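Biologist: I should like a close look at a single part of this model, the strands and what packs around them. Please explain each term as you use it.

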Amino acid sequence: MNASTKAPPQRPPAAKPLSLLRAVGLAYDPPEPIVGRKVTLRVPDMADFEGWARLRGASRGFLVPWEPAWPPDDLTRPAFRRRVARYRQDWREDQGYALFVYRNEDGALVGGITLTNIRRGVAQTVSLGYWMGEAFAGKGYMAAGVRTLIPYAFGALGFRRIEAACVPTNEASVRLLERVGFTREGLARQYLCINGTWMDHTLYGLVKGDPLG
Ligand SMILES: CC(C)(COP(=O)(O)OP(=O)(O)OC[C@H]1O[C@@H](n2cnc3c(N)ncnc32)[C@H](O)[C@@H]1OP(=O)(O)O)[C@@H](O)C(=O)NCCC(=O)NCCS
């Protein structure tokens with residue numbers, strides 16, 4: 001090869017503008033929905049506001065005894081906008097994964113699932129939370145949602161252990177966790193502040209490879 005036909009030195013390809021924006025946290029592509037047999041899990045956006053506020057409002061008496069206290073403005077559009085922004089930032093930064101649960105047969109929003117308290121490093125552990133709209137409770141939707149999420153959490157998200165905690169008298173939550181395959185691991189005193197009171201919680205764990213129910 002003489003000097004005139006010599007290939008020019010290879011340069012690294014120019015960074016795409018979107019990758020640069022993503023690298024500094026200014027762009028966000030919501031992940032693809034996670035499709036299960038009975039329900040689909042999807043990252044919420046502002047289009048969910050009215051359905052979410054209606055469902056949570058109608059389920060208030062059903063949910064409040066088992067959840068952290070609701071802020072007074074919780075069901076307002078500005079609070080939902082902040083919620084959506086936080087969910088997206090958490091997702092982008094591997095700080096939390098919040099998903100809404102939609103019924104496959106008609107696309108109705110039925111509830112929500114979260115993965116929070118992420119511990120990477122030598123733990124690779126995350127905490128599972130969930131809620132179901134009262135009108136949709138007891139119909140197998142949350143069991144379907146958790147079963148859909150588990151392979152994603154152990155696969156794409158790379159966790160090794162999923163933890164969950166519930167008040168021992170929360171029969172629906174206890175039954176859900178045991179049904180899906182979580183193992184009861186102990187009792188943590190005054191573990192979470194639920195509806196304004198520090199409550200003891202039963203702790204459950206699911207480790208990658210555990211048989212699922
Ligand atoms: C806990 C909760 C998310 C369960 O969701 P769900 O969609 O109703 O649960 P599923 O229909 O998938 O049922 C899962 C299992 O729990 C059982 N279950 C559901 N509701 C129950 C109840 N009220 N009492 C006893 N068992 C119940 C179901 O029968 C099923 O067990 P099975 O397969 O052996 O029949 C829902 O009841 C809820 O949102 N409760 C209020 C808020 C709450 O408790 N949040 C969690 C705090 S830890």
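Modeller: The account below takes up the sheet, then the core, then the ligand.

This is a predicted model, in which local features need pLDDT of at least 70 and side-chain atom pairs count only at pLDDT 80 or more, while totals for chains, interfaces and linings use all residues. Residues are numbered from 1 along each chain as its sequence is written.

Eight strands form an open sheet of mixed pairing, in the order β1-β2-β3-β4-β5-β6-β8-β7. Its edge strands, each pairing on one side only, are β1 (34–35) and β7 (183–194). Strands (E, at least two residues) and helices (H or I, at least four residues) are DSSP runs, numbered from the N terminus; two strands pair if DSSP finds at least two bridges between them. Strands of a sheet pair through backbone hydrogen bonds, either parallel or antiparallel.

Within the sheet, β3 and β4 are antiparallel and share six bridges, with Tyr-97 having Leu-115 of β4 as its bridge partner. Five residues separate these two strands in a hairpin, and Gly-107 in the turn has a positive phi of about 75°. The pairing of β4 with β5 is also antiparallel, over seven bridges, and places Thr-116 opposite Ser-127 in β5. Here too the hairpin has five residues between the strands, and Gly-121 takes a positive phi near 55°. Asn-117, found in strand β4, has a positive phi of about 50° although it is not a glycine. Most residues other than glycine have a negative phi. Asn-117 is partly exposed because 13 other C-beta atoms lie within 10 Å; by definition, a residue is buried with 20 or more other C-beta atoms within 10 Å of its own, exposed with 12 or fewer, and partly exposed in between, C-beta atoms being placed from the backbone.

Further along, six bridges join the antiparallel strands β6 and β8, and Arg-161 has Val-207 of β8 as its bridge partner. Helix α6 lies across β6 and β8, at about 160° to β6. Such angles run from 0 to 180 degrees between N-to-C directions, the axes being lines fitted to C-alpha atoms, for helices over the stretch in contact.

Strand β6 (residues 161–166) contains Ala-164, which counts as buried because it has 22 C-beta neighbours inside 10 Å. Leaving aside residues up to four places away in sequence, Ala-164 touches Ser-127, Leu-128, Leu-177, Phe-182 and Tyr-204; contact means C-beta atoms, placed from the backbone, within 7 Å. Under the same exclusion, Ile-162 touches Val-126, Leu-128, Ile-150, Ala-153 and Leu-206.

Ala-164, Ile-162 and Val-101 have the most contacts inside the largest nonpolar core, which has 36 residues. A nonpolar core is a set of buried Ala, Val, Leu, Ile, Met, Phe, Trp, Tyr and Cys residues joined through C-beta atoms within 7 Å. Elements giving two or more residues to this core include β3, β4, β5, β6, β8 and α6, but its largest share, seven residues, comes from α5.

Around the ligand are 21 residues, among them Trp-66, Met-142 and Arg-175, which belong to the closest; nearness requires a C-beta atom, placed from the backbone, within 6 Å. Among the elements that give two or more residues to this shell are β5 (125–132) and α5 (141–154), while α6 supplies the largest share, six residues.

Definitions and conventions
Contact = placed C-beta atoms within 7 Å.
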